[in-house]
Amino acid sequence: MSGRAQLMWDEAVTGYDFGRDHPMDPVRLALTRRLVDAFGLDKHVDVVAAQPAGESTLRLVHRQDYIEAVKAASVDPGAADQSYGLGTMDDPAFAGMHEVSALIAGQSVGAAETVWRGEALHAVNFAGGLHHAMPGGASGFCIYNDASLAIARLLELGAERVAYVDVDVHHGDGVQAAFWEDPRVLTVSLHEHPRTLFPQTGWPEETGAQSAEGTAVNVALPAGTGDAGWLRAFHAVVPELIADFRPQVLVTQHGADTHFEDPLAHLAVSLDAQRAVQVACHDLAHEYSDGKWVALGGGGYAVVEVVPRSWTHLVGIAAGRAIEPEAVIPEGWRQEVFARTRQLGPARMTDGRWPISWAGWEAGYDPADRLDQAVLATRRAVFPLRGLLA
């Protein structure tokens, strides 16, 4: 097995562009890639461009009629069929949409293949993590569900247990839906409560179909949850479930939209806490999955201040070259930020909250605390189904 991680990257993924006024600005991908280079991380990973996902791969998750609708909208965006979620405000149709969506999906599938085959221990596709796309429709800025396709490909290659951990601020509904009936896949999502945020799913009572009870796990966090609460919730639920499930591969989604500066949601998490969870996911992969780790991006709409820093930390952790939070960001990158966006880029790789302290669940809980109520709801819904103490 190669000691080097793989970074899945093709410059063409920046063509995933819903238009000038859409929150998902592809500059976030370009700036992340440039920041990775600015810190020299490209010298410590193998940068690989995988082929786009072909139709047979897309059909592992998506219906043929939906693929055909995406292709048609890609050729003639003005004729997009909105019954498939295409041509809407969230998912405007654009020329070449099928091709670039399949390219992003191909990077995640390629990451899964390279990790499963032992060609690399870790693989990162920060352009991926498009977790809302459904088998038969686009949703929430997502056309093809690359995370689900990567997991489905792992199963096709022979994996018997795959765990998916999603820490995006939005519920990972598309991945949950894809494997709702499949006991081979454990899906865990920590997200803002569905009462206050799209897609209004991800309640703790959603635990999987009868054939797969206890394999869907949802932690619905109160709006306003900050670093200490977010980390407390993660560590109160995720490690115990991963230890029980013992996945052969860990797939994680690292949407950066939990951040307090993100314009589309209401959590109050810092970059430093995001980095701490990335480290925790890396460590869980080594403890329970022989190090096999596929790490994806996701949401994140503070496209200058937050996203590039968060995902550059992710690449550094996967590469075994973790960037210290206090590290100064190279001036050349900040100049490129200004040239591209006319915004001033951040100066350091921290929000000034490192190290973060938080209380572990084993020390006890407060049933009157809203955060602890959220954790308790999840543990009580899922843990007994898995033979664990709630």
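The following paragraphs describe the overall fold, two helices, several loop residues and the two largest pockets of a predicted model.

The protein contains 11 helices and eight strands. Its radius of gyration is 19 Å, close to the 21 Å that the globule rule gives for 390 residues, so the protein is as compact as a globular protein of that length. Taken along the principal axes, the box filled by the C-alpha atoms is roughly 55 × 50 × 45 Å. Of the 390 residues, 61% are buried, and among contacts with a separation of 6 or more, 77% are made by residues that lie 24 or more positions apart in the chain.

Two helices, α4 and α8, were examined for their length and their surroundings. Helix α4 comprises the 20 residues 97–116, for which a rise of 1.5 Å a residue predicts a span of 28 Å; the C-alpha atoms at its ends are 29 Å apart, in agreement with that expectation. Because 18 of its 20 residues are buried, α4 is largely enclosed by the rest of the structure. In helix α8, formed by the 18 residues 271–288, the expected span is 26 Å and the end C-alpha atoms are likewise 26 Å apart, which agrees. Here 14 of the 18 residues are buried, so α8 too is largely enclosed by the rest of the structure. Each of these helices is followed by a residue with positive phi: Gly-118, just after α4, takes a value of about 80 degrees, whereas Asp-290, which follows α8, has a phi near 55 degrees.

The loop between α4 and β3 (122–125) holds Arg-117, which is partly exposed, with a relative accessible area of 48%. When neighbours within four places in sequence are left aside, Arg-117 is in contact with Arg-153 and Leu-157; the C-alpha atom of Leu-157, a residue 40 positions away along the chain, is separated from that of Arg-117 by 9.1 Å. Asp-168, in the loop between β4 (162–166) and α6 (173–178), is by contrast buried, with a relative accessible area of 1%. Apart from neighbours within four places in sequence, the residues in contact with Asp-168 are His-131, Leu-190, His-191, Gln-253, Gly-255, Asp-257, Thr-258, Gly-298 and Gly-299. A further separation concerns Gly-129, 39 residues from Asp-168 along the chain, with 9.0 Å between the two C-alpha atoms.

Several loops carry backbone features that merit separate description. Phe-141, although it is not a glycine, has a positive phi of about 75 degrees; this residue lies in the loop between β3 and α5 (146–156) and, at 10% relative accessibility, counts as buried. Arg-342 is likewise not a glycine and has a positive phi, of about 60 degrees, but this residue is exposed, with a relative accessible area of 58%. Arg-342 is placed in the loop between α10 and α11, and Pro-355 is also found in the loop between α10 (331–341) and α11. The peptide bond that leads from Trp-354 to Pro-355 is cis, with omega near -5 degrees. A cis peptide bond also joins Phe-198 and Pro-199, with omega of about 5 degrees, and Pro-199 belongs to the loop between β5 (185–192) and β6.

The largest pocket encloses about 220 Å³ of space. Its lining consists of His-193, Arg-195, Thr-196, Pro-204, Ala-220, Leu-221, Pro-222, Ala-223, Arg-370, Gln-373, Ala-374 and Ala-377. The elements that contribute two or more residues to this lining are β6 (216–221) and α11 (370–382), and α11 gives the most, with four residues. By class, seven of the lining residues are nonpolar, three are polar and two are charged.

The second largest pocket has a volume of about 190 Å³ and is lined by 18 residues, of which Gly-140, Phe-141, His-170, Phe-198 and Tyr-301 lie nearest its centre. This lining comprises eight nonpolar, seven polar and three charged residues. Two of the residues nearest the centre of the second largest pocket, Phe-141 and Phe-198, have been described above for their backbone geometry: Phe-141 has a positive phi, and Phe-198 is joined to Pro-199 by a cis peptide bond.

How values were computed: Residues are numbered from 1 along each chain as its sequence is written. This is a predicted model: local features need pLDDT of at least 70, side-chain atom pairs count only at pLDDT 80 or more; totals for chains, interfaces and linings use all residues. Side-chain values use heavy atoms; hydrogens and water are left out. The expected span of a helix is 1.5 Å times one less than its number of residues. Buried means under 20% relative accessible area, exposed over 50%, partly exposed in between (1.4 Å probe, protein chains only). On a 1 Å grid over the protein atoms alone, a cavity is a set of points where a 1.4 Å probe fits but cannot get out, and a pocket is an open set with protein on both sides within 12 Å along at least five of seven lines; lining residues have an atom within 4 Å of a point. Grid points are joined across faces, edges and corners, and a volume is the space filled by probe spheres set on the points. Ala, Val, Leu, Ile, Met, Phe, Trp, Tyr, Cys and Pro count as nonpolar, Asp, Glu, Lys and Arg as charged, and the others, Gly among them, as polar. The radius of gyration is taken over C-alpha atoms; the globule rule is 2.2 Å times the number of residues to the power 0.38. Contact means heavy atoms within 4.5 Å.
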